[in-house]
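Visitor: I'm new here, so could you walk me through this one and show me how each label is earned?
Guide: Happy to. Have a look first, and then ask away.

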Amino acid sequence: MLSRRIFQQLTNTLLLGFEARPACNSCIASTCRPLRTLIRRQAPTNQLRDGSSSSSTRWKSRQGKDFFAKSAKVAGFKSRAAFKLLEMDQKYKLFKPGQTVIDLGYAPGSWSQVAVSRTTPNGRVIGIDLIPAQPPKGVSTIQGNFLSPAIQADVRAYVQDPNLGRPRKQSIFSHPDEDSEDVTEEEVQDAQRGYIDLERRALLEGMGQESLGQSHGKGDSKGAREGTLSLKERDKRQGRVVDVVLSDMWEPWHQTTGYGKRSLSDPYFRLMNTSGMAFRDHAGSMDLCMAALTFCFDTLHTGGHFLCKFYQGAEDKEFEKKLRKLFQKVHREKPESSRSDSKEAYFVGLRRKESPTREEVFAE
């Protein structure tokens, strides 16, 4: 029978997690050995717990070793994704100065940065995203869910005004102290004209004075009058004024577990990362690509370009068929700056066709 002192030592060891020093080692030697073994078996559990909480540390370590991530910091880009767009622009010549570019899912803004640098001077870039992010310099943004019809209507209304989002020209009257001998009379008249007069003048120049002066007989049809319009005017009448549509969108995946983990519950994290389930990521990306293509059909003018990100899967071939009905050339791209272990890829649609109807493009 154990004495009270030895029984107290065993109790402290089991309940409090430490082993009291015995007065006589021989009396409890047979008892202490299994207790030491139990303590050693519990140690790896704590180590695993510490390792599972260091996922952000591993991510930072990977970013620190990533060539494109380091290059993005040096170049002043918001993220390494800028090099993906730069690579595809170098290959397919997507941008030109003065273009109107729509960037769907622009946050944090690296693609918009590239678009601004490629469309200057007098270009405009409009970014749409659900995340309230700080836009890059020279980018006009609309915060909201792009899948909402109201947000899409706001974007269409915004791009219809050719002056919104463009860098403002400096007024000739802004610096009265400077020499103004080079200012012509025509420039003064243009500065004094109102917005409606400028729009009327642009319309007259586009249609031509000759076509406006012709008198149409009673037998003239609407189709004959439409035939006198230029391709640019026909696109403008249908609301097609955008040159390039970019889509790097991703949606928040439905969370079913891990509510106590901040990395999973943070909506900003979930918007910018995949769920880890291949089919779910693929299906979600196809839905967003279809929404971007529908918007592109309504706003992209003839000859414009379309670029969208998707996750590879069973449905991407069907989506590619729709793209080939609307664009003259369609390419699949996996940029060098895209990580090899990622299933992301990009569709590049070049030179939109004028003739395809909505039923032809989106027919199942």
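Visitor: Where is arginine 351 found?
Guide: Arginine 351 is found in strand S7. Keep in mind that we're looking at a predicted model. Phi of arginine 351 is near 60°, a positive value in a residue other than glycine.

Visitor: Why is arginine 351 called partly exposed?
Guide: Its relative accessible area is 34%. Buried would need under 20% and exposed over 50%, so arginine 351, at 34%, counts as partly exposed.

Visitor: Which other residue has a positive phi although it is not a glycine, and where is its place?
Guide: Lysine 93, with a phi of about 55°. You'll find lysine 93 in the loop between H5 and S1.

Visitor: What makes lysine 93 count as exposed?
Guide: Exposed starts over 50%, and lysine 93 has 57% relative accessibility, so it counts as exposed.

Visitor: Why point out a positive phi at all?
Guide: Because most residues other than glycine have a negative phi. Likewise, most peptide bonds are trans.

Visitor: Which peptide bonds are cis here?
Guide: One of them joins alanine 107 and proline 108, with omega about 5°. Another runs from threonine 120 to proline 121, where omega is near 0°. Proline 108 is in the loop between S1 and helix H6 (110–119), while proline 121 is in the loop between H6 and S2.

Visitor: What is the order of the strands in the sheet?
Guide: There are seven strands, in the order S3-S2-S1-S4-S5-S7-S6, and the sheet is open with mixed pairing.

Visitor: What makes S3 and S6 the edge strands?
Guide: Strand S3 (139–143) and strand S6 (327–333) each pair on one side only. As for twist, neighbouring strands of this sheet are turned by 15° against each other on average, direction ignored.

Visitor: How do you know that S4 and S5 pair?
Guide: Pairing takes at least two bridges. Strand S4 (residues 242–247) and strand S5 (residues 300–311) have five, so they pair, in the parallel sense. Valine 244 stands opposite histidine 305 in S5, and leucine 246 has leucine 307 as its bridge partner there.

Visitor: And how do you know that S1 and S4 pair?
Guide: They share four bridges, against the at least two required, so they pair too, in the parallel sense. Here isoleucine 102 stands opposite valine 245 in S4.

Visitor: Why is S4 called largely enclosed by the rest of the structure?
Guide: Because six of the six residues of S4 are buried.

Visitor: Which helices pack on the sheet?
Guide: Helix H5 (residues 82–92) is one of them, touching S4, S5, S6 and strand S7 (344–352). Helix H7 (residues 149–160) packs on the sheet as well, touching strand S1 (100–104), strand S2 (124–129), S3 and S4.

Visitor: Why is glutamine 99 called buried?
Guide: The cut-off is under 20%, and glutamine 99 has 9% relative accessibility, so it counts as buried. Glutamine 99 is in the loop between H5 and S1, and the residues it touches include Leu94, Arg124, Asp243 and Val244.

Visitor: What makes H15 roughly parallel to H16?
Guide: Helix H15 (residues 278–299) and helix H16 (residues 316–326) pack at an angle of about 10°, with their axes 11 Å apart. Angles under 35 degrees count as roughly parallel, and that makes H15 roughly parallel to H16.

Visitor: Which residues of H15 and H16 meet?
Guide: From H15, among them His282, Met286, Cys289 and Phe297; from H16, partners including Asp316, Phe319 and Lys322. The residues of this contact divide into eight nonpolar, one polar and two charged.

Visitor: Why does cysteine 289 not form a bond with cysteine 308?
Guide: A disulfide needs the sulfur atoms within 2.5 Å. The sulfur of cysteine 289 is 3.7 Å from that of cysteine 308, its closest, so that's too far for a bond. Cysteine 296 is in no disulfide either, as the nearest cysteine sulfur, that of cysteine 308, is 9.1 Å away. The search of the whole structure finds zero disulfides.

Visitor: Are cysteine 289 and cysteine 296 buried or exposed?
Guide: Buried: cysteine 289 has 1% relative accessibility, and cysteine 296 has 0%.

Terms used. Residues numbered from 1 in each chain as written. Predicted model: local features only at pLDDT ≥ 70, side-chain atom pairs only at ≥ 80, totals over all residues. Heavy atoms only, no water. Buried < 20%, exposed > 50% of the residue type's maximum accessible area, 1.4 Å probe, protein only. Axes fitted to C-alpha atoms, helices over the stretch in contact; angles between N-to-C directions. Contact = heavy atoms within 4.5 Å. Parallel < 35°, antiparallel > 145°, perpendicular 65-115°, else oblique. Nonpolar A, V, L, I, M, F, W, Y, C, P; charged D, E, K, R; others polar. Lists of a residue's contacts leave out its neighbours within four places in sequence.
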